[in-house]
Amino acid sequence: MKILIVGSGGREHAIAWSVARSPKAEKIYCAPGNAGIEEIAECVPIKAMEFEKLADFAQQEKIDLTIIGMDDPLVGGVVDVFEERGLRVFGPRKNAAILEGSKAFSKDLMKKYHIPTAAYENFTDPEAALEYLRTQARFPIVLKADGLALGKGVLICGTLEEAEDGVKEIMEDKKFGSAGNTMVIEEFMTGREVSVLSFVDGKTIKTMTSAQDHKRAGDGDTGLNTGGMGTFSPSPFYTEEIDAYCQKYIYQPTVDAMAAEGRPFQGIIFFGLMLTEDGPKVLEYNARFGDPETQVVLPRMKNDILEVMEACVDGTLDQIRLEFEPDAAVCVVLASDGYPVKYEKGIPIQGFENFQGREGYYCFHAGTARKDGQIVTNGGRVLGITAKGKDLKEARKNAYEATNWITFANKYMRHDIGKAIDEA
């Protein structure tokens, strides 16, 4: 098979790595890709939002399956463009990707179909939002920009004053652009967060192993929200009992709800869960693989990823048995110092050769480029250093050891990724 992967981050590198292991994969392309992906795929200079160019390329090269990695093109309708041309593509159509594209839509869906989630209200008028906060809100409270905001459009406000500033930031100053035209005000939930990725074929859902992300920039969950500073899998807090509850009350009901709404979902549903005292509740849905969760989940998956993706496209997922290794994986993100606010790019990176031939160690490129024959930094999150181990403690030790193999001038990372496993 000839495969095209759309995207340029660590998630797409992990997907490309997984695809390259499939005996079905004869040739892999990635648009636009990055300096790490180009070692296993031919990178094509087409941007992820250039739908017609991507479809033209897929037709010219007779691509057998296109895999959409990123949220923006999915929400924008890239799958519809491909399907209109009769091209096979993995990912939800535009009318299903709204599950991630609009938090107001997803909250209303959960309310209608009794899927456990935090209490909330949707607002399109900042004055009405302020009135609600002043008269009915209990603090702390959560404000969410409705649309896509690179994982950063969520504000946790401890006081009315903070919430008023948040409304101004999201709805009036438009810090997150048009994503803030509608805003969700949601009750603040406490508990452990868990991420569960799943394959979906429109009616059947098969969940992958659990993971847990670390969003804040600094150690001890301090600092600004980022796209994710590291992750581990599996989560020791995601028990068999919790899984059984979620399968019955969250996972299948979500797939059934989308089908009932005339929006059958085919592709990846990412469930962001909060394990509260009242049971698991949905924090958010994403319509694609998580980043950096993919970097710890796919290295543990035994299945041929192309077989599973084709089953999703063909509606035959019920015939697949997903299998994961009984080990563990930890990913530590190496970022550019100053991320997520301001940071330098174009800094040379050394040490990639240390990963060659080492079983169970992976260096996934997130923000890299090739300049004058050398690999340089090209983003806030630069690399995802992943390592496996017989259990989470060993995987964590291995991952942190491997972070020392890479050097670049403004390298920054958190030192407590997976620390919660000590409490499990």
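In the predicted model, an open sheet of 4 strands is arranged in the order β6-β9-β7-β8, and its strands pair in the antiparallel sense. The edges of this sheet are formed by β6 (120–123) and β8 (154–157), each of which pairs on one side only, and from one strand to the next the twist averages 20°. Within the sheet, β7 (residues 141–145) and β9 (residues 183–187) run antiparallel and are joined by 5 bridges, with Ile141 standing opposite Glu187 of β9. Helix α6 (residues 103–112) packs on this sheet, where it touches β6, β7 and β9, and the direction of the helix makes about 140° with that of β6.

Two further helices, α7 (residues 126–135) and α8 (residues 160–172), have axes that come within 10 Å of each other and cross at roughly 165°. Since an angle over 145 degrees counts as roughly antiparallel, α7 and α8 are therefore assigned to that class, and the crossing in which α7 passes α8 is right-handed. On the α7 side the contact is made by Pro126, Ala129, Leu130, Leu133 and Arg134, which meet Leu160, Ala163, Glu164, Val167, Met171 and Glu172 of α8. Divided by class, the residues in the contact of α7 with α8 comprise 8 nonpolar and 3 charged residues, with no polar ones.

A second open sheet, of 5 strands, has the order β3-β2-β1-β4-β5 and parallel pairing. Its edge strands are β3 (42–43) and β5 (89–90), each pairing on one side only. The pairing of β2 with β3 is parallel and extends over 2 bridges, and the bridge partner of Tyr29 in β3 is Glu42. Helix α2 packs on this sheet and touches β1 (2–7), β2 and β4 (65–68), while the direction of α2 makes about 165° with that of β1. Helix α11 (residues 305–314) lies across β1, β4 and β5, running at about 90° to β4.

Aromatic pairs were also examined, and a search of the whole structure finds 13 of them. In one of these pairs, the rings of Tyr29 and Phe57 have centres 5.1 Å apart and planes at 80°, so the arrangement is edge-to-face. This pair links distant parts of the chain, given that Tyr29 belongs to strand β2 (residues 27–32) and Phe57 to helix α2 (residues 51–60), at a separation of 28 residues. Tyr29 thus takes part both in the bridge to Glu42 of β3 and in the aromatic pair with Phe57 of α2, a helix that itself touches β2.

Helix α6, described above as packing on the antiparallel sheet, also makes a contact with helix α5 (residues 94–101), the axes of the two helices coming within 6 Å and crossing at roughly 95°. Because this angle falls between 65 and 115 degrees, α5 and α6 are therefore roughly perpendicular to each other. The residues involved are Ile98, Leu99 and Gly101 of α5, together with Lys103, Phe105, Ser106 and Leu109 of α6. The contact of α5 with α6 divides into 4 nonpolar, 2 polar and 1 charged residue.

Several features of the backbone remain to be described. Most residues other than glycine have a negative phi, and most peptide bonds are trans. The peptide bond from Ala31 to Pro32, however, is cis, with omega near -5°, and Pro32 is found in strand β2. A cis peptide bond likewise joins Phe139 and Pro140, with omega about 0°, and Pro140 is placed in the loop between α7 and β7. With respect to phi, His114 has a positive value of about 60° although it is not a glycine, and this residue lies in the loop between α6 and β6.

Conventions. Residues numbered from 1 in each chain as written. Predicted model: local features only at pLDDT ≥ 70, side-chain atom pairs only at ≥ 80, totals over all residues. Heavy atoms only, no water. Pairing = 2+ DSSP bridges. Axes fitted to C-alpha atoms, helices over the stretch in contact; angles between N-to-C directions. Contact = heavy atoms within 4.5 Å. Parallel < 35°, antiparallel > 145°, perpendicular 65-115°, else oblique. Left-handed = near helix turned anticlockwise from the far one by under 90°. Nonpolar A, V, L, I, M, F, W, Y, C, P; charged D, E, K, R; others polar. Phe/Tyr/Trp six-rings, centres within 6.5 Å; stacked < 30°, edge-to-face > 60°.
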